[in-house]
Amino acid sequence: LWSMRGAPLVPLRRRVDTHGACRRIGMALGMAAAVASSSSAFVVPPPPVVAVGPTAASLRGAEALRVAARAVCPDAGQRCLLAGPSDAQLLALAAGAAATAAAAGRRKQRRRAPAARVVLAAAKGKDIAKSVAAGKVVLMGDSVLDNFYWLKTPKRPLRVQLQEALKASSSKALKASSCVNLAVDQMTTFDLAERDPFWNAWEPYAQARRNVGFDDKEDLEYKADEDGKIRSVKLLEGMQNVAAVVLSVGGNDVYLKKDIQADLAYSLVPGFEGNRQKVAKEFGIRYREIVESVRAAAPGAKLVLVIPYRPHQDFSIVTGAPDIDAEGAKVEDAFGSVGRSFETRFLPEMVTPMVREILAVGREVGCPVIDLSRTLKIDEESHYGTGRIGETNELGAPWSGAEPSDISTKFIARLIEHALSNEQEAMLYWGDAKHPGGKNWQMTVRQDNNDYILAEDYKFGGGIMKKVVKGPTEEEVAEANPYWFAIGILATLLLSAQSLMNGGDVVGFERDGFEAVLQQQVAEPAQPWPKG
């Protein structure tokens, strides 16, 4: 590593992210050390599967030209500089540069032209209404929408606050609309079509609903079939006069599925970056199937997709919220702090490809997307759960850094009302929340065209994905390597701890394979000791 610092890792005429390589290799060594010390057998993860991007036929404008350039030069990252460019390469690259420059000029306009609409092949003929008509606004998905249990005031969940926002809307159709909740806490893309209580129970939330004392009978019970399973799409299909569907699903795929967590964690290891692309590709397939089924169940209804928020910086999707003392104050612990810092730093990098799939679907069907990762502030406790670490609500639920609060629920309701009151098009909406003078929170709705220019730069939580990183100094490398080595160990220990608590095995240990080898050895006849 030291000999490679400052020199290109591959024979290209461009700078190389040696800092990123050093930190990832440091993590790899740390993870390998942790696995080797905690496992009786070391299992090498399968080779990464890289998702294949869309074809040029499905793209428009500058993106189509960029794909044409990649067809001439397959490795676009190397920019065809290993040898002199041919005339065809120069033509393709020049066309791509011209289109990109023209597109960049369009971005500077205050209001750009709407992004081109591409319809999912399986949903052709089921056009979405441009403007919402009076009817039912249906919430479908997870606890981003079904959030009563974690609020300081459980009687005011999103369904109630959105109903109020619809009544206060300037749109006559929205004023006459009603809000219906089909969302259920802990829903994932794996079970939205059919959720079995044996595998993903919701009874604790169902009991809590009965104890809240809701004013509207709409909020008293979840809607399940006679066999006890929840089939959200089937319930939607049985509804009349559905004007719009708001869909939030995918966050729990990362929060609850340890295999996905492991794949994303391994994607930080050199050579396994393709893992996150594999996770994103598989997620995109499931997400598109859900969207297609929703559109088939409610043809003509407007559709609003939701990107989940980032967890609070003091919350870990592996270890949860920080401990509190007898007075309800937060207790700092070194182990948990490092884990939470690790997730805060790397979660956007790991899940951005998944979120880009949501943006892609929004472009394909021509519907708006609400980005909560740019709306909730990860350093603001009042945007999450009960509003303060250590505070519980009337149901006994503690503060959660992975659930919206009373304040941020109002943000979500406002964003949904705004998306529904505008024409249906591929737009990205988010909230710019401010707290002037320490008084009530105020939120301004921001928007951008959900086009291929935005998708290329998009980063979960805001900002732009960095493509070039300046190389580190010798002092930075010397200080960073032990740190990343320790982070690698910590990541493996956290994943192993969660796996053990869920009845699984430590990372890198395949129990079935180990037991099979052990039984084989036991079954073999004993060999006599050699003489002498």
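The exercises below, with worked solutions, concern a predicted model of a protein.

**Exercise 1.** Describe the overall make-up of the protein: its secondary structure, burial, contacts and surface.

*Solution.*
1. Count the elements: the protein has 15 helices and seven strands.
2. Take the burial: 48% of the 532 residues count as buried.
3. Turn to contacts with a separation of 6 or more: 75% of them join residues 24 or more positions apart.
4. Take the surface: about 26,000 Å² is accessible, and carbon and sulfur atoms account for 56% of this.

**Exercise 2.** Locate the largest nonpolar core and state which helix gives the most to it.

*Solution.*
1. The largest nonpolar core consists of 63 residues.
2. Within this core, the residues with the most contacts are Met140, Leu236, Leu247, Tyr287, Leu305 and Ile307.
3. Helix α11, residues 334-365, gives the most to this core, with eleven residues.
4. Another core lies apart from it and has 38 residues, including Phe315, Leu372, Ile378 and Val445.
5. Return to Leu236: beyond its neighbours within four places in sequence, its contacts are Val138, Met140, Leu182, Val242, Val245, Val294, Ala297 and Ala298.

**Exercise 3.** Decide whether Glu391 is buried or exposed, and place it in the structure.

*Solution.*
1. Glu391 sits in the loop between β5 (369-371) and α12 (406-421).
2. Its relative accessible area is 19%.
3. Buried means under 20%, so Glu391 counts as buried.
4. Leaving out residues up to four places away in sequence, Glu391 touches Lys152, Thr386, Ala397, Pro398 and Trp399.

How values were computed:
Residues numbered from 1 in each chain as written. Predicted model: local features only at pLDDT ≥ 70, side-chain atom pairs only at ≥ 80, totals over all residues. Heavy atoms only, no water. Helix = DSSP H or I, 4+ residues; strand = E, 2+ residues; numbered from the N terminus. Buried < 20%, exposed > 50% of the residue type's maximum accessible area, 1.4 Å probe, protein only. Contact = heavy atoms within 4.5 Å. Core = buried A, V, L, I, M, F, W, Y, C linked by side-chain atoms within 4.5 Å. Areas by Shrake-Rupley, 256 points an atom, 1.4 Å probe, with all protein chains shown as cover.
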